[in-house]
There are 2 protein chains.
Amino acid sequence: MVDIATRVYNHNWKIDPIVRSLIDTDFYKLLMCQSILRNRPDTQVTFSLINRTTRIPLARLIDEGELREQLDHVRSLSLTRGESTWLRGNTFYGKRQMFSSGFMEWFETMKLPPYHLERVGDQYELTFEGSWPEVMLWEIPALAVLMELRSRAVLATMGKFELKVLYARAMTRLWEKIERLRKIDGLRIADFGTRRRHSFLWQDWCVQAMIEGLGSSFIGTSNCRIAMRRDIEAIGTNAHELPMVMAALADTDEELRQAPYRVLADWHEEHEGNLRIILPDTYGTEGFLAHAPDWLAGWTGIRIDSGDPSQGAETAIAWWKSRGEDPRDKLVIFSDGLDTDKIEELHARFAGRVKVSFGWGTLLTNDFRGFVADDGLAPFSLVCKAVSAHGRPTVKLSDNPNKAMGPAAEIKRYKRVFGVGEQAAQAVIV
Amino acid sequence: MVDIATRVYNHNWKIDPIVRSLIDTDFYKLLMCQSILRNRPDTQVTFSLINRTTRIPLARLIDEGELREQLDHVRSLSLTRGESTWLRGNTFYGKRQMFSSGFMEWFETMKLPPYHLERVGDQYELTFEGSWPEVMLWEIPALAVLMELRSRAVLATMGKFELKVLYARAMTRLWEKIERLRKIDGLRIADFGTRRRHSFLWQDWCVQAMIEGLGSSFIGTSNCRIAMRRDIEAIGTNAHELPMVMAALADTDEELRQAPYRVLADWHEEHEGNLRIILPDTYGTEGFLAHAPDWLAGWTGIRIDSGDPSQGAETAIAWWKSRGEDPRDKLVIFSDGLDTDKIEELHARFAGRVKVSFGWGTLLTNDFRGFVADDGLAPFSLVCKAVSAHGRPTVKLSDNPNKAMGPAAEIKRYKRVFGVGEQAAQAVIV
């Protein structure tokens, strides 16, 4: 029996919206948004989409009209009553009322600001300008829309059973990964794959498979909507945009040098426990830790998001020891370019020496490598970053020169200020 | 939107029936049934289920009550108006009104006769007694019920996502086979997998995948219900039960020697063209062809269903040549234990020398090998055969001693009468 009403209702959709909720975003965006709204609400920023995989001709694959429709749809969204209730009533990291009434009232009426879209050659220039707490909420939906429109463009050429088999292959591959991960004693792993997912439905499938396949080793998802829908933990802390924007606002080299610590000082006041996670690599991990104030050594852990992850963790362990901390009490979260091999390797090397945890991203939610001709569904490296604040360019160095961002002269200045020397280049997988 | 009515309706089913239609059976059963009804309607036969894979303890896996419910449900079925219309109105092998009015009137009111079920150790004894045209229609539904109940018993222990991944794996495996077969120029292949299928829905999926993946190389299915549902050709000719029963009825050695030819003489009168396919192996291919009347050499082709298939085809080619026929005008249908490797090999060897065609059975519709613990879903060798006629045991020799059936003394007699000497044993895969 076909449900006629459902079918007719579905035909009434003008488009099939990719992002259908303002909380179809990473939890840390909301945490950071609240912090920005409290501390720097008037900061004017520009965010920009950057396709680091230039061989993928996004503007040839994706129709501009469809892209605009999807982005316009995102702008039409506002927080629903149920989403607001979930954010207000939920316990995050063991804490109730993580989000203040002030933030929630602002968020309940917020709509995303306009976007600027232009085709330049085979790529799109997509930028967002305005106040930081609003503009920053574009990052995840913009990425998700671009990623999924690209998937749809490739899928549109396939037959019904070819499609069934495509997803069969993806499911089989994911389950084989889960079966391997299941063997790791004491594993703790979360889904961090929203931004570069194959599609929303596929991410949701991956999360459900992890729930069944990994049991308590699966600790949650960064995606608030999926966390709400599947009744699991929303996971996340803070990201590079905080030090990047604060650094861009610095008037002197000394202010610049202190900017990353000032960000974490604000965070220190607002959060405790598992939310006190250092992201040390924005301007080089070595220098950041060497010059860090002592109170940072008391934080719960560190997230390793660029460079050689083993080296990053060893650096953190040595640093904690040098500050009189016991690394076995500390949490190390690996979140860069993970897949099963690397997870096994890192867990084997660091379990017992520190508390290990993994934020598994693109190769969880978008591993369609090798499934179609010309590898047309392989994930690629798309980012959406703060590129300027109050008209000044932002800079990111990270522990991998291939991930560096910003004008060359500014990169040079930042390297000097933060004492960053030669860095080993790592291939950016996704 | 859940369709509440559908859900409530589904809850009203007392059981989930495995066989839901009298034409969920092989096309050749109906052809043979019509022939039997015309030529030998009063023959009393016994059919019996035989599990050749005794390490599979069917009676431990399958609940007797559930088995009875399913068999009782099959007995409750009668031909629907739409099924009757399809059989009456369809063109089979280019011929309209393949089924006579007399047969259709009989079939429209026919219900399957009672069954006898008894547990003996870890196996079931399941037998059917009565008039040949009725009893013979039990073969395929009985096998399909047992096969699918065994699948269900294993599937019942699995989680939701484990199940999704199981089918994902099966789909991926099938599609990889199809992708290989697609490369074979001039391939002609049909689904012969009803009797030992994993389940009805899975067979239906396999057929749809073949339709999309192989296009015109996929020439149809032996399953009438799926042929009707998917609007494709129903495929099939005749089987061992005709010579087996006729041989059992023979009163003298000479009558026995002639029995296989008398069966085909009846067939010769009833059918022409692509339905004139010799199944020569019931009592040894070599002897059968050597002593065959000349009119048989004029038939359209031969089906190779036991023994070494290459050798069988070479024997047929040599025979046709010896009778002055051009093998290039003849059809060779391979239907025994096929999978991709063997199909490729046989096609490469015989394409151009004869017209080649494949009836792909169990490893099309039930290749779940290696997917679960203890290989609990691997197909196994279950058959349902005529074991006696008018109280006399039937005998089958075939070209593989591992497929021989009947009392030892009778097998010895048949070997003498048909001049069958040493045979090379072949492992029975499925």
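UniProt positions are given in the numbering used here, and annotations may be inferred rather than shown by experiment. With that in mind, take the domains of this predicted model.

**Domains of chain A**

UniProt, in an unreviewed entry, places the "domain: Nicotinate phosphoribosyltransferase N-terminal" at residues 23–146 of chain A. A second feature, also from an unreviewed entry, is the "domain: Nicotinate/nicotinamide phosphoribosyltransferase". UniProt lists residues 188–421 of chain A for that one. The table gives the make-up of each stretch.

| Stretch of chain A | Helix | Strand | End C-alpha atoms apart |
|---|---|---|---|
| residues 23–146 | 48% helix | 22% strand | 17 Å |
| residues 188–421 | 42% helix | 14% strand | 34 Å |

**How the two copies are related**

Chain A can be laid on chain B with an RMSD of 0.0 Å. The move takes a turn of 180° and a shift of 0.1 Å along the axis. The two copies are therefore related as by a two-fold rotation axis. Which residue of chain A comes closest to the rotation axis? It is A168(A), whose C-alpha lies at 2.0 Å. Both copies use the same surface: 100% of the contact residues of chain A recur in chain B.

**The interface**

Now to the contact between the chains. On chain A, 23 residues are in contact with 23 residues of chain B. Together the two chains bury about 2000 Å² between them. Of that area, 64% is on carbon and sulfur atoms.

Charged pairs also cross the interface. How many salt bridges does the rule find between chain A and chain B? There are four. In one salt bridge, the side chain of R169(A) meets that of E176(B), at 3.7 Å from N to O. Polar contacts link the chains as well: ten residue pairs, with both residues at pLDDT 80 or more.

Which helices supply the side of chain A that touches chain B? α1 (4–11), α9 (160–181) and α10 (200–214) of chain A each supply at least two residues. α9(A) gives the most, with twelve residues. By type, the residues on this side of chain A divide into eleven nonpolar, four polar and eight charged.

**In brief**

Chain A and chain B are related as by a two-fold rotation axis. About 2000 Å² is buried between them, and four salt bridges cross the interface. On the chain A side, α9(A) gives the most residues.

Methods: Residues are numbered from 1 along each chain as its sequence is written. Chains are lettered from A and ligands numbered from 1 in the order in which they are written. This is a predicted model: local features need pLDDT of at least 70, side-chain atom pairs count only at pLDDT 80 or more; totals for chains, interfaces and linings use all residues. Side-chain values use heavy atoms; hydrogens and water are left out. Helices (H or I, at least four residues) and strands (E, at least two) are DSSP runs, numbered from the N terminus. Copies are superposed by least squares on the C-alpha atoms of residues with pLDDT of at least 70 in both. Contact means heavy atoms within 4.5 Å. Buried area is the accessible area (1.4 Å probe) that two parts lose on being put together, summed over both. A polar contact is a pair of N or O atoms within 3.5 Å; within protein, one must be able to donate a hydrogen and the other to accept it, and residues adjacent in sequence count only if both atoms are side-chain atoms. Ala, Val, Leu, Ile, Met, Phe, Trp, Tyr, Cys and Pro count as nonpolar, Asp, Glu, Lys and Arg as charged, and the others, Gly among them, as polar.
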